[in-house]
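The exercises below ask the reader to work through a structure step by step. Each task sentence is followed by a worked solution.

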Amino acid sequence: MNKKREKKKFKRKNIKISNIELTDIDHFTDDEISEEKRAEKKLIEKGKTSNKRNLKLERGRILEVRSNYKCLVKIGDKELFCTLGGRFKQVNFETKSIITAGDYVNVDVSGDSRIEEIIDRTNTLSRFSDNDFQIEIIIASNIDQVIITSSYKDPQLNLGLIDRYICAAKISNITPVICINKIDLAESLKEIKQTGSFYEKLGFQVIYTSIKKGEGITELKELLKDKDSVFSGHSGAGKSSLINKLQPDLKLRTAEISDYHRKGIHTTTRSRLLEWDFGGYLVDTPGIKTFGLHRNDKEKIPGIFPGLSVLTGECKFFNCTHSHEMECGIKKAVENGSYPVERYESYLRILESL
Ligand SMILES: Nc1nc2c(ncn2[C@@H]2O[C@H](COP(=O)(O)OP(=O)(O)O)[C@@H](O)[C@H]2O)c(=O)[nH]1
Ligand SMILES: [Mg+2]
Ligand SMILES: [Zn+2]
């Protein structure tokens with residue numbers, strides 16, 4: 001542990017003295033490290049590192065990654081193409097997402113715009129590969145909220161999907177917000193609001209919107225302002241329509257992607273951050289399924305599924321999964337009607353799917 005920390009410290013220090021090649025630093029023994037340190041000291045004494053030590057670091061945010069080592073960074077009012085120093089490749093060679101849209105970075109703006117430091121992420125928005133390995137693919141980082149969008153009708157309101165997205169968001173430490181769109185298609189608002197009230201009572205924000213009637217758009221804008229958000233939900237729920245309504249000139253790629261493919265034009269499916277003119281960012285995820293649950297997260301579901309945790313007092317087992325167990329507080333609550341059976345079934349479906 002201590003040795004590891006030593007090495008880390010060494011790595012960090014060396015980042016600023018970067019005309020020493022840092023190949024294979026992880027494999028150095030402590031002896032070799034102290035040798036390196038002596039060499040480093042010598043170099044400093046000779047003053048050979050003076051150029052590189054005059055870094056002019058500025059904090060920026062990655063808007064889009066163009067390749068593993070090249071990206072577009074917003075620094076102040078400017079957008080700058082930056083490269084990633086070679087040493088990052090060595091430190092993190094096993095993960096594909098060394099950098100991702102949303103990362104905060106320190107860039108040396110005195111020279112060739114190299115990223116000198118990547119700030120620790122507060123969270124990541126990830127999906128998992130469809131194969132058995134379920135490899136994590138990071139879509140974006142440092143995101144505040146996910147706007148879980150479902151239409152009231154066409155396609156039919158899908159509460160099961162909302163539950164699933166809520167779980168995925170919570171696991172990722174991203175705040176879920178529920179947006180029920182196309183309320184103009186509802187016979188009565190009372191009915192939808194009753195549906196939404198289950199989530200509202202549990203402290204979730206629920207907004208009701210209609211593009212057709214312009215309802216809830218101001219409220220949605222208020223919610224997005226100065227935050228970094230991503231829209232998730234069924235295709236056809238109205239995500240693109242909502243975004244276009246909020247800011248018509250936002251250059252979304254979501255809609256065009258299939259056309260481009262048909263024409264055989266290569267388009268990237270990488271995510272990127274787009275800036276709202278009212279403050280905050282939108283994560284644009286063309287052709288990317290934004291969220292996934294990893295099978296390893298299965299045991300977290302009982303603790304995070306909406307409304308369950310307050311009812312577990314009567315569960316006999318502290319690690320009750322509320323499925324096959326006897327003497328279960330949740331099952332009792334479902335039987336006596338204090339927890340909706342539809343939500344319980346949705347919970348079981350998520351568990352089974354993992
Ligand atoms: N009636 C009604 N239709 C809507 C509303 N919002 C979107 N739509 C329609 O729903 C369809 C799918 O919308 P789109 O934004 O492409 O959905 P996305 O797949 O979630 O991006 C389009 O034909 C829209 O015109 C709404 O509030 N009311
Ligand atoms: Mg769309
Ligand atoms: Zn239980």
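**Exercise 1. An unusual loop**

In which loop is the place of Asp 154? Locate this residue in the predicted model, and then describe the backbone at Asp 154 and at the peptide bond that follows it.

Solution. Asp 154 is found in the loop between β8 and α5, and the loop between β8 (145-151) and α5 (159-171) also holds Pro 155. The next step is to read the backbone angles: Asp 154 has a phi of about 55°, which is positive although the residue is not a glycine, and the peptide bond from Asp 154 to Pro 155 is cis, with omega near -5°. Both readings deserve attention, because most residues other than glycine have a negative phi and most peptide bonds are trans. The last step concerns accessibility: Asp 154 counts as exposed because its relative accessibility is 53%, and the cut-off for exposed is over 50%.

**Exercise 2. A second positive phi**

Find where Ser 113 lies, and decide whether this residue is buried or exposed.

Solution. Ser 113 sits in the loop between β4 (104-108) and β5 (114-118). Its phi is near 55°, again a positive value in a residue other than glycine. With a relative accessibility of 12%, Ser 113 counts as buried, since the limit for that class is under 20%. Asp 154, by contrast, counts as exposed at 53%.

**Exercise 3. The zinc site**

Which atoms coordinate the zinc ion (ligand 3), and what geometry does the site have?

Solution. Begin with the donors, which are the SG atoms of Cys 315, Cys 320 and Cys 328 together with ND1 of His 322, at 2.1 to 2.4 Å from the zinc ion (ligand 3). Along the chain, these donors follow the spacing C-x4-C-x1-H-x5-C. Next, examine the angles: among the 4 donor atoms they run from 101 to 115°, and the site is tetrahedral. The criterion for four donors is that all angles lie between 85 and 135 degrees, and for reference the ideal angle for four tetrahedral donors is 109.5 degrees. Then consider how the donors are placed with respect to solvent. Cys 320 and His 322 are both buried, and the relative accessibility of Cys 320 is 5%. Cys 328 is likewise buried, with a relative accessible area of 3%. As a final check on the cysteines, the structure holds 0 disulfides.

**Exercise 4. The surroundings of ligand 1**

How many residues surround ligand 1, and which of them are the closest?

Solution. The shell comprises 15 residues, and the closest are Asp 184, Ile 211, Gly 236, Lys 239 and Ser 241. Helix α8 (residues 239-246) supplies the largest share of this shell, with 3 residues. Turning to individual atom pairs, an N or O atom in the side chain of Ser 241 is 2.5 Å from an oxygen atom of ligand 1, while a polar side-chain atom of Lys 239 lies 2.8 Å from an oxygen atom of ligand 1. The backbone takes part as well, given that an N or O atom of the main chain of Ala 237 lies 3.3 Å from an oxygen atom of ligand 1. Of the 580 Å² of accessible area that ligand 1 has on its own, the protein covers 69%.

**Exercise 5. Buried residues and their partners along the chain**

For Ile 178, Ile 162 and Tyr 344, identify the element that holds each residue, and then relate separation in sequence to separation in space.

Solution. Ile 178 belongs to strand β9 (residues 175-181) and counts as buried at 1% relative accessibility. The C-alpha atoms of Ile 178 and Val 146 are separated by 8.4 Å, although these residues are 32 residues apart along the chain. Ile 162 lies in helix α5 and is buried, with a relative accessible area of 1%; Ile 162 and Pro 176 are 14 residues apart in sequence, and their C-alpha atoms are 9.3 Å apart. Tyr 344, finally, is part of helix α12 (residues 341-353) and is buried, with a relative accessible area of 9%. From Tyr 344 to Pro 306 the C-alpha distance is 9.7 Å, with their positions 38 residues apart in sequence.

Definitions and conventions. Residues are numbered from 1 along each chain as its sequence is written. Chains are lettered from A and ligands numbered from 1 in the order in which they are written. This is a predicted model: local features need pLDDT of at least 70, side-chain atom pairs count only at pLDDT 80 or more; totals for chains, interfaces and linings use all residues. Side-chain values use heavy atoms; hydrogens and water are left out. Donors are N, O and S atoms within 2.8 Å of the metal (3.2 Å for Na, K and Ca); water is not among the atoms, so sites may look incomplete. Four donors count as tetrahedral if all angles lie between 85 and 135 degrees; four count as square planar and six as octahedral if opposite donors are over 155 degrees apart and all others between 65 and 115; anything else is irregular. Buried means under 20% relative accessible area, exposed over 50%, partly exposed in between (1.4 Å probe, protein chains only). A disulfide is a pair of cysteine sulfur atoms within 2.5 Å. Helices (H or I, at least four residues) and strands (E, at least two) are DSSP runs, numbered from the N terminus. A residue is near a molecule or strand if one of its heavy atoms lies within 4 Å of it. A polar contact is a pair of N or O atoms within 3.5 Å; within protein, one must be able to donate a hydrogen and the other to accept it, and residues adjacent in sequence count only if both atoms are side-chain atoms. Accessible areas come from the Shrake-Rupley method with a 1.4 Å probe; for residues, only the protein chains shown count as cover.
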